[in-house]
Amino acid sequence: MRATLTISLPPVLRREIARAAKAKRVSESEFVRTALQRQLWTDAFEESRRKLVPRARAAGIYTDEDVFKIVS
C-alpha cells in the first residue's frame with residue numbers, strides 16, 4: 001500500500017527533476033522515489049561506517065588487504 005507525501009520545491013529544482021526524469025525515461029515520482037531510496041541507503045551506510053571504522057582500527061584493520069587477510 002502506498003502513501004502520498006506532498007512537498008514544496010523551488011521552481012528551479014522542480015524543472016531539474018522533470019528534466020532528469022525525462023532523460024531517464026521514468027516518471028517524476030519514480031525519479032524522486034529512487035533518489036530518496038539512494039539517500040537513505042547512503043545515510044545508513046555512512047552511519048554504519050562511522051560506528052564500525054573505530055572498531056576496525058582498534059582491531060588493526062586499516063586497508064582492504066587487512067580485510068582480505070582476515071577473510072581468506
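A residue is called partly exposed when its relative accessible area falls between the limit for buried, under 20%, and the limit for exposed, over 50%. In the predicted model described here, R14 has a relative accessibility of 41% and therefore counts as partly exposed. The side chain of R14 takes part in a salt bridge with E28, in which the closest N and O atoms are 2.5 Å apart. This pair joins distant parts of the chain, since R14 belongs to helix α1 and E28 to helix α2 (residues 28-58), with their positions 14 residues apart in the numbering. E28 has a relative accessible area of 30%, so E28 too is partly exposed.

Helix α1 covers residues 11-24. The helix consists of 14 residues and spans 20 Å from its first C-alpha to its last, which is close to the 20 Å expected at 1.5 Å a residue. Just after α1, the backbone at R25 adopts a positive phi of about 60°.

The salt bridges of the model were counted next, and the total is four. Besides the pair between the two helices, E47 and R50 form a salt bridge with an N to O distance of 2.7 Å. E47 and R50 both lie in helix α2, and because they are three residues apart, about one helical turn separates them. E47 also meets K51 in a salt bridge, here with an N to O distance of 3.7 Å. This distance satisfies the criterion for a salt bridge, which requires the nitrogen to be within 4 Å of a carboxyl oxygen. K51 and E47 are four residues apart in helix α2, so about one helical turn lies between them as well. Through these contacts, E47, R50 and K51 are linked in a network of salt bridges. As to solvent accessibility within the network, E47 has a relative accessible area of 33% and is therefore partly exposed, whereas R50, at 52%, counts as exposed.

A nonpolar patch was found on the surface, made by L5, I7, L9 and L13 and amounting to about 380 Å². Of these residues, I7 is located in the segment that precedes α1. I7 has a relative accessibility of 54%, and because exposed means over 50%, I7 is classed as exposed.

The largest pocket has a volume of about 440 Å³. Its lining comprises 13 residues, and those closest to the pocket centre are L5, I7, S29, V32 and R33. The elements that contribute two or more residues to this lining are α1 and α2. Helix α2 supplies the largest share, with five residues. L5 and I7 thus appear both in the nonpolar patch and among the residues closest to the centre of the largest pocket.

Helix α2 also contains R57. With a relative accessibility of 32%, R57 is partly exposed, because this value lies between the limits of 20% and 50%. In sequence, R57 and K69 are twelve residues apart, and the distance between their C-alpha atoms is 15 Å.

Conventions: Residues are numbered from 1 along each chain as its sequence is written. This is a predicted model: local features need pLDDT of at least 70, side-chain atom pairs count only at pLDDT 80 or more; totals for chains, interfaces and linings use all residues. Side-chain values use heavy atoms; hydrogens and water are left out. Patches are made of residues with over 30% relative accessible area and no salt bridge: like charges are joined within 9 Å, nonpolar side chains (Val, Leu, Ile, Met, Phe, Trp, Tyr) within 5 Å. Accessible areas come from the Shrake-Rupley method with a 1.4 Å probe; for residues, only the protein chains shown count as cover. Buried means under 20% relative accessible area, exposed over 50%, partly exposed in between (1.4 Å probe, protein chains only). The expected span of a helix is 1.5 Å times one less than its number of residues. On a 1 Å grid over the protein atoms alone, a cavity is a set of points where a 1.4 Å probe fits but cannot get out, and a pocket is an open set with protein on both sides within 12 Å along at least five of seven lines; lining residues have an atom within 4 Å of a point. Grid points are joined across faces, edges and corners, and a volume is the space filled by probe spheres set on the points.
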